[in-house]
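Biologist: I am new to this structure and would like a close look at one part of it, namely the way its helices pack against one another. Please set that part in its surroundings as you go.

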Amino acid sequence: MFWGELVPKVVLGLRISRTPHRLGFEGNEAASARHPEAARAGRSLRERKPEKRMEVGMQPQLPYAPALKDMAEAAPTFRSGEDVGLSEEVAQALLETKPLKRLAGIGFLGAIDYALRRGSGRDPHRRRHNRREHSIGVARLAEVYALHAGMGGRERRTLVCAALLHDVGHGPLSHTLEPVFKERFGMDHHRMTRAVIEGTTRFGPEIRDVLERCGVGCEEVLALIDGEDIGDHSFLFSAPINIDTLEGISRCRAFLGLGRGPAFGAAVRRWATSGRPPRNDFDDFWLLKDSVYGLAINAPLGRRLDAVAQSYMATCPERFGPDDFLKTGRGFRKAHPDLFRYLEIVPVCGDDLQSRLPRSWLDVDVTVSDRKFFVDDRVDLVDNDDIFARYRQTRDCRSVKLGQLVEGQGYGQ
Ligand SMILES: [Fe+2]
């Protein structure tokens, strides 16, 4: 059956061409037969040396590179297999729950994690980062802050639990497919995180039960995560520079392979002890964030991968259901092997990519956003409210066709 006969012209905010294109749904072999380009790409990828993939995928843009290389290295980001290093008993109990274990199977960035994974060495850029590692990293920053700020036991536990749980509702491929899941099923990781914590998903009330047993308020945790907390430390989640983004951006830097990522533990310690944001650390961090967006998230490769994945999902909606959102990356890959074959094509095809994708996809509209981060020097950093005014960003969202991205247009740089 032609997929063009199945989907409306406008699906999920993505405008779809009706140009017919066959898709195979019968499993790996049959799908390979129907998608020879995807199958060929899979073979050629396996034949390549892993290092080559990063060289093809990552071409640092020189204006950004110095900011990444000049930054002093500090403690590396947390990786699986290391001592978790959290002292709160409730944290250990949460890490044993199914939803937190599931996060080990969710890539940290999205499609780019799969396309650029290279080898299994210990170096941060040689292994795929996952959401569980990130969540533990954020919880460690939360605990450092809480201990050095002299927080009481209940407040400290609430903060650490919120940090551990803040991404528990992330779906497969993280941010890559979330726009389509949101359009089609009204799902995003914010809503799913609340549902998982409240116990209304297939995982049941496991997390809520742990929180209650350990004397931590479920609603207090959710308020911190959702930015609705009005307490003295809500800025730790809601400010432009917060413990989540401090950990996540330094993890991205490690992923790029330009030295170990600074984990900002020392900066957070100074922040807690003095009660005043550490200006030099935060200025460096904001510059780092701008660089990471330029090098990875807004870069051509990252955008092409996201757009290809979104085009795939948008053009065969009957293959996807709400249950997909709570799958692990492995389960999702098993359910949608063709999608991952196309993702494997993207980093290795270069200028040939246009001829390797279904022609009709090139007319699919995808939304891209350019984000730039800059420091407003007119605002001094005296207290935590100043973080909102000093660390600024611009965001330009627009719609482009996948074909434009493939041809190197529509990047806004
Ligand atoms: Fe996060």
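Modeller: What follows begins with the chain as a whole and then turns to two helix pairs, the core and one loop.

This is a predicted model, in which local features need pLDDT of at least 70 and side-chain atom pairs count only at pLDDT 80 or more, while totals for chains, interfaces and linings use all residues. Residues are numbered from 1 along each chain as its sequence is written.

The protein chain has 23 helices and four strands, where helices (H or I, at least four residues) and strands (E, at least two) are DSSP runs numbered from the N terminus. Of its 413 residues, 43% count as buried; a residue is buried if 20 or more other C-beta atoms lie within 10 Å of its own, exposed if 12 or fewer, and partly exposed in between, with C-beta atoms placed from the backbone. Two residues are in contact if their C-beta atoms, placed in that way, lie within 7 Å, and among contacts between residues at least 6 apart in sequence, 76% join residues at least 24 apart.

Two packed helices are described by the angle between their axes and the distance between the axes. Axes are lines fitted to C-alpha atoms, for helices over the stretch in contact, and angles run from 0 to 180 degrees between N-to-C directions.

The first pair to look at is α15 (residues 243–256) and α17 (residues 279–297), which pack at an angle of about 50° with their axes 10 Å apart. That angle makes α15 oblique to α17, since angles under 35 degrees count as roughly parallel, over 145 as roughly antiparallel, 65 to 115 as roughly perpendicular and the rest as oblique. Their crossing is left-handed, a term used if the near helix is turned anticlockwise from the far one by less than a right angle, with right-handed used if clockwise. On the α15 side the contact is made by L246, I249, C252, R253 and L256, and on the α17 side by F285, L288, K289, V292, L295 and A296. By class, this contact has nine nonpolar, no polar and two charged residues, where Ala, Val, Leu, Ile, Met, Phe, Trp, Tyr, Cys and Pro count as nonpolar, Asp, Glu, Lys and Arg as charged, and the others, Gly among them, as polar. Within α15, L256 is buried, with 21 other C-beta atoms within 10 Å, and its C-alpha atom is separated by 7.8 Å from that of A296, 40 residues apart along the chain.

The other pair is α18 (residues 300–315) and α20 (residues 337–349), whose axes come within 10 Å and cross at roughly 155°. These two helices are therefore roughly antiparallel to each other, and their crossing is right-handed. L301, R304, L305, V308, A309 and Y312 of α18 meet L339, Y342, L343, V346 and P347 of α20 in this contact, which divides into ten nonpolar, no polar and one charged.

V308, A309 and L343 are also among the residues that touch the most other members of the largest nonpolar core, which has 94 residues; such a core is a set of buried Ala, Val, Leu, Ile, Met, Phe, Trp, Tyr and Cys residues joined through C-beta atoms within 7 Å.

Lastly, in the loop between α9 (153–165) and α10 (178–185) lies L173, whose phi is near 65°, a positive value in a residue other than glycine. L173 is buried, with 29 other C-beta atoms within 10 Å.
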